[in-house]
Amino acid sequence: MVQLVGSLRKELADSLSACRVLVVGAGGIGCELLKNLVLTGFKNIEVIDLDTIDVSNLNRQFLFQKKHVGKSKAQVAKESVLQFCPTANITAYHDSIMNPEYNVEFFRNFMLVMNALDNRAARNHVNRMCLAADIPLIESGTAGYLGQVTVIKKGLTECYECQPKPTQKTFPGCTIRNTPSEPIHCIVWAKYLFNQLFGEEDADQEVSPDTADPELSWNPADTEARATASDQDGDIKRVSTKDWARSTGYDAVKLFNKLFKDDIQYLLTMDKLWKKRKAPLPLDWLEIQKLACPQEVTGTGLKDQQVLGVAGYSQLFSRSVETLRSMLADKGDGAELVWDKDDPPAMDFVTAAANLRMHIFSMNMKSRFDIKSMAGNIIPAIATTNAVIAGLIVLEALKILSGDVEQCRTIFLNKQPNPRKKLLVPCALDPPSANCYVCASKPEVTVKLNVHKTLVLALQDKILKEKFGMVAPDVQIEDGKGTILISSEEGETEANNSKFLSDFGIRHGSRLQVDDFLQDYTLLVNVIHCEDLEKDVEFEVVGDAPDKAPTPPSAQEDKNVANGNKDSAEPSTSSKAPAEQDDVLIVDSDEEEPSSSTMDVRMESGGHKRKLHDAETGEASAKRQRLDQPSAADEDDDDIIALD
């Protein structure tokens with residue numbers, strides 16, 4: 001007779017009590033997961049999170065209360081969870097998982113790692129550390145009502161990076177407010193600004209510099225002090241952005257100088273942010289009007305496809321503010337405007353504000369047409385979705401600890417029941433990709449770039465760190481001499497940063513051996529010299545996933561793939577792209593279809609079937625193994641967007 005401890009077999013219950021697990025992230029999913037773990041019987045838990053608690057977290061991260069604002073998420077989560085199970089042994093780290101202190105040996109201390117993260121770089125890093133340590137990883141994510149859980153095991157399943165991913169769609173609040181590096185960051189900021197000035201104010205959509213940016217300090221006490229300082233600055237009365245704008249009569253010049261001059265000058269005082277970044281350049285209204293020509297435009301074609309100069313966008317900003325002020329006044333006291341990309345004044349405002357911010361942060365400005373296509377909608381974080389996904393993580397963990405890894409599944413949470421009345425749809429785990437540049441036996445990639453224009457610093461920061469997710473790369477040229485191009489040891493090769501790759505004899509066909517000792521990861525990079533890359537494109541990874549969605553297959557193709565059963569095609573574990581939870585998910589347009597990526601599902605609007613697409617060709621591949629009766633893993637909703 002099987003002996004039970006609660007609802008678990010005694011052997012499994014004993015395993016839970018003895019095993020050591022790591023939870024990475026203590027936010028939306030992390031709070032639910034920590035509670036589930038202690039109530040299931042896990043006794044030895046370590047949790048790490050760099051973030052601090054914000055007021056906007058309180059509506060869904062139930063382990064936190066108002067009194068905790070500004071404190072470490074990991075530490076407060078530990079204290080709250082211990083109230084559920086005082087005998088649990090929980091260790092909390094207010095730190096970044098990418099800190100070199102958390103090396104492969106650190107990960108080998110655990111039987112299981114569970115991700116509850118909110119950014120792709122950290123996900124890539126944990127994926128590699130778990131592969132190096134040969135520790136099972138449970139990856140998860142949510143976006144609105146959608147969610148997924150999958151298991152990653154070295155040599156058995158796809159890793160997190162086996163499939164290329166579409167452009168990241170969500171961004172931390174401190175990136176939006178302090179350190180934008182892509183046009184979409186500025187567009188999101190401009191939409192937030194619209195709501196702060198003319199619409200419904202939201203604590204999640206603050207636009208002023210973020211003094212509680214975790215990057216400013218590793219000291220939790222300092223971070224907490226900065227988070228609360230804005231409400232404790234002597235007798236200074238804090239007013240909302242909208243109240244301040246009203247007090248000026250929505251004076252466009254005052255708004256301009258406050259947003260694009262004063263706030264930027266304040267950001268410049270946060271000197272730690274600019275040690276490894278190009279500092280922003282403040283704009284002054286009077287200087288712009290004196291020096292620049294408002295009629296300056298670039299690009300040809302339709303008006304919406306032209307890019308104005310800084311003076312042109314400053315004038316557009318002024319006109320749109322005046323128009324929106326009048327619209328707000330016409331609605332009466334207490335009225336609010338709702339941003340709509342099809343409303344010309346609202347679109348003018350976001351176009352102007354976003355482009356001015358792009359210029360400040362040294363980005364190429366965009367046309368109104370491009371900005372409209374990127375603006376999209378916001379998908380909110382849903383507490384119930386986090387709870388469901390956290391429960392599924394624990395169920396997969398129980399399978400792993402029972403020794404039944406082969407029974408693990410990727411599970412999708414859908415917004416609506418599929419034709420088989422299923423909200424949760426399990427899929428078999430895919431085997432590792434032979435072409436993966438992370439988990440293949442000999443990882444190798446080919447990069448197309450101009451060796452005469454690409455700096456060593458760009459190779460390090462934009463290609464190796466940003467694109468390939470390395471933390472501290474060392475690069476050696478395979479030239480028979482073993483020339484060291486980049487060293488992770490501070491000061492050894494910094495003189496190389498401002499030189500071009502060609503200065504070191506790198507040419508078409510050169511090979512670079514890249515090592516990241518922290519991640520225990522080696523990558524061979526083949527260089528293809530190319531002088532005709534598209535405008536503003538510094539490099540291309542040959543064979544990388546396309547940015548655009550694959551061409552929709554024909555109805556006849558559907559029938560062939562589904563083998564006559566409309567409901568039998570299933571998504572792969574490589575079928576939904578990670579985005580970021582707890583901040584904002586940007587949907588580029590109502591018609592957008594995500595490209596194939598680590599979790600990227602193509603939804604057919606005319607039917608109830610999802611089909612897996614090849615990451616490179618966009619063509620449908622063989623159907624997935626069915627697990628829960630032949631049924632569709634779909635919903636009547638639009639395309640599933642990347643989940644985190």
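This passage describes the overall make-up of a predicted model and then its eight-stranded sheet, a hairpin and two individual residues, L401 and C174.

In the predicted model, the secondary structure of the protein amounts to 17 helices and 22 strands. Of its 644 residues, 54% count as buried, and the protein exposes about 28800 Å², of which carbon and sulfur atoms supply 49%. When contacts between residues at least 6 apart in sequence are considered, 72% of them join residues that are at least 24 apart.

An open sheet of eight strands is present, in which the strands follow the order β5-β4-β3-β6-β7-β8-β12-β13 and the pairing is mixed. Its edges are formed by β5 (89-93) and β13 (424-428), each of which pairs on one side only. On average, and with direction ignored, neighbouring strands of this sheet are turned by 15° against each other. Strands of a sheet pair through backbone hydrogen bonds, in either a parallel or an antiparallel manner.

Within this sheet, strand β3 is largely enclosed by the rest of the structure, because four of its five residues are buried. Strand β3 is joined by five bridges to strand β4 (residues 44-48), the two running parallel, and in this pairing V21 stands opposite I45 of β4. Between these two strands the chain passes through helix α2 (residues 28-40), and the resulting β-α-β crossover is right-handed. Strand β3 is also connected to β6, again in parallel, by four bridges, with N115 in β6 serving as the bridge partner of V24.

Strand β6 (residues 112-115) in turn runs parallel to strand β7 (residues 137-143), to which two bridges join it, and M114 is placed opposite I138 in β7. Helix α5 (residues 120-133) lies across β3 (20-24), β6, β7 and β8 (146-152), and the helix runs at about 165° to β7.

An antiparallel arrangement is found where strand β15 (residues 474-477) is joined to strand β16 (residues 483-486) by three bridges; here Q476 stands opposite I484 in β16. The hairpin formed by β15 and β16 has five residues between the strands, and G480 adopts a positive phi near 85° in this hairpin.

Helix α15 (residues 383-401) contains L401, a residue that is buried because its relative accessible area is 13%, which falls under the 20% cut-off for burial. Leaving aside residues up to four places away in sequence, L401 touches L12, S15, L16, C19, F42 and M111. For one of these residues, S15, the C-alpha atom is separated from that of L401 by 7.0 Å, although the two residues are 386 residues apart along the chain.

According to the UniProt record, which is an unreviewed entry, the annotation "active site" covers C174. In the model, C174 lies in helix α6 (residues 173-177), and the residue counts as buried because its relative accessibility is 18%. The annotated residue C174 and the residue L401 are therefore both placed in the buried class, with values of 18% and 13%, respectively.

Key: Residues numbered from 1 in each chain as written. Predicted model: local features only at pLDDT ≥ 70, side-chain atom pairs only at ≥ 80, totals over all residues. Heavy atoms only, no water. UniProt positions renumbered as here; feature names shortened; annotations may be inferred. Buried < 20%, exposed > 50% of the residue type's maximum accessible area, 1.4 Å probe, protein only. Pairing = 2+ DSSP bridges. Axes fitted to C-alpha atoms, helices over the stretch in contact; angles between N-to-C directions. Contact = heavy atoms within 4.5 Å. Right-handed = clockwise from strand over helix to strand, strands pointing away. Areas by Shrake-Rupley, 256 points an atom, 1.4 Å probe, with all protein chains shown as cover.
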